[in-house]
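These are my notebook entries on a structure I went through element by element. I record below what I looked up, in the order in which I looked.

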Amino acid sequence: MSKRQISTLWDAADYANHLNRPLSTFITLVWQFVGINDQTKADKAFAAFTAKLRPWLIAKTGGYYAVWVAENSPDRGYHHHLLAHAPREITPKLREAAKAWLPKRRHPQKAHALDIRLPWVNVNPIKAQYGQLRYISKAMDYSAEMVDRETGEVFNLASWLGVKPKEGKALTGLVLGKRCGASESLGALIRSHAEFPSRFECFA
């Protein structure tokens, strides 16, 4: 992912925290486990899934706050990760509801297509969010650098964000098309209207 894509995710997550809507629930959708191996079809299935998730969360929490990434790996194939604001108390109901939002296909591994996790009881949701955000940023360009506009000092973007590649883990493969995004509630236009600063704005 490029610096621009990384800033999309991190600025949206920062704004979620500003709104006291931490993105601490982690959803993974692995499309090969419902028999979808085509990227275009998987993107449509993801759009259909989030079309059901959005009103469900709005009804339960008063809003839809989320960021997502698309990845392609040798072991999981094409899949999506999504971080959403969904408090712990509603997660059991979310897990049950989300099963019905998967494509209506029979597959022997369909039970592994959907994984919904949230932080341990005593973990701060905001701290958990950034741990998960670092995980979904793992496909970033680790050589990307930023330059402080005032001092000219150069920083490595991955190090600055605390993102480290996992040893022994397969690297994410090529993903064509849109790779990541944020819900409208956390998007650039909303943040601009709120005059919410970007953590990247002082860097080139």
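**Entry 1. His 81 and its surroundings**

I began with His 81 and listed what it touches; the model is a predicted one. Not counting residues up to four places away in sequence, His 81 touches Phe 26, Ile 27, Thr 28, Val 67, Trp 68, Val 69, Glu 71, Arg 76, Tyr 135, Ile 136 and Lys 138. I then looked up the element and found that His 81 lies in strand S3.

Is His 81 buried or exposed? Its relative accessibility is 1%, and since buried means under 20%, His 81 counts as buried.

I next checked the polar contacts of the side chain. One is with the side chain of Thr 28, at 2.9 Å. Another is with the side chain of Glu 71, at 3.5 Å. Both Thr 28 and Glu 71 also appear in the list of residues that His 81 touches.

**Entry 2. Strand S2 and its partners**

From S3 I moved to strand S2, residues 66–73. Seven of the eight residues of S2 are buried, and I noted the strand as mostly covered.

Which way do S2 and S3 run relative to each other, parallel or antiparallel? They run antiparallel, and eight bridges join S2 to S3, whose residues are 77–84. The two strands form a hairpin, with three residues between them. As one bridge pair I recorded Val 67, whose partner in S3 is Leu 83. Val 67 is also among the residues that His 81 touches.

S2 has a further pairing, with strand S7 (residues 180–182). This pairing is antiparallel as well and extends over three bridges. Here Trp 68 stands opposite Gly 181 in S7. Trp 68, too, is among the contacts of His 81.

**Entry 3. Helix H3**

I looked up which residues of helix H3 (residues 91–99) are buried, and found Thr 91, Leu 94, Ala 97 and Ala 98. Seen down the helix axis, these buried residues fall within an arc of 120 degrees, so they line one face of H3. The general reason is helical geometry: an α-helix has 3.6 residues a turn, so residues three or four places apart point the same way.

What does the other face carry? The face of H3 turned away from the buried side carries the exposed residues Lys 93 and Glu 96.

I then asked what covers the buried residues of H3. The cover includes strand S1 (25–30), helix H2 (39–61) and strand S4 (114–117).

**Entry 4. Arg 199**

I located Arg 199 in the segment after helix H6 (188–193). Its relative accessible area is 28%, and I entered Arg 199 as partly exposed.

Leaving aside neighbours within four places in sequence, Arg 199 is in contact with Trp 10, Asp 11, Asp 14, Tyr 130, Trp 160 and Leu 161. With Asp 14 there is a polar contact between the two side chains, at 2.8 Å. I also looked up the separation from Ser 7: Arg 199 and Ser 7 are 192 residues apart in sequence, while their C-alpha atoms are 8.1 Å apart in space.

**Entry 5. Val 147**

Val 147 is found in strand S5, residues 145–147. I noted it as partly exposed, with a relative accessible area of 32%.

How far is Val 147 from Phe 203? They are 56 residues apart along the chain, and 5.2 Å separates their C-alpha atoms. Phe 203 is in contact with Val 147, as are Gly 152, Glu 153, Val 154, Cys 202 and Ala 204, neighbours within four places in sequence being left aside.

**Entry 6. Cysteines**

I searched for disulfides and found zero in the structure. Cys 180 is buried, with a relative accessible area of 7%. Cys 202 counts as partly exposed, at 39% relative accessibility; Cys 202 is one of the contacts of Val 147.

**Entry 7. The chain as a whole**

I closed with the overall values. The protein chain has six helices and seven strands. From the N terminus on, the order of elements is α-β-α-β-β-α-β-α-β-β-α-β-α. The radius of gyration is 17 Å, close to the 17 Å that the globule rule gives for 204 residues, so the chain is as compact as a globular protein of that length.

The C-alpha trace spans about 60 × 35 × 35 Å along its principal axes. Of the 204 residues, 46% are buried. Finally, I looked at contacts between residues at least 6 apart in sequence: 75% of them join residues at least 24 apart.

How values were computed
Residues are numbered from 1 along each chain as its sequence is written. This is a predicted model: local features need pLDDT of at least 70, side-chain atom pairs count only at pLDDT 80 or more; totals for chains, interfaces and linings use all residues. Side-chain values use heavy atoms; hydrogens and water are left out. Buried means under 20% relative accessible area, exposed over 50%, partly exposed in between (1.4 Å probe, protein chains only). Helices (H or I, at least four residues) and strands (E, at least two) are DSSP runs, numbered from the N terminus. The arc is that of the directions from the helix axis to the C-beta atoms. Contact means heavy atoms within 4.5 Å. A polar contact is a pair of N or O atoms within 3.5 Å; within protein, one must be able to donate a hydrogen and the other to accept it, and residues adjacent in sequence count only if both atoms are side-chain atoms. A disulfide is a pair of cysteine sulfur atoms within 2.5 Å. Two strands pair if DSSP finds at least two bridges between them. The radius of gyration is taken over C-alpha atoms; the globule rule is 2.2 Å times the number of residues to the power 0.38.
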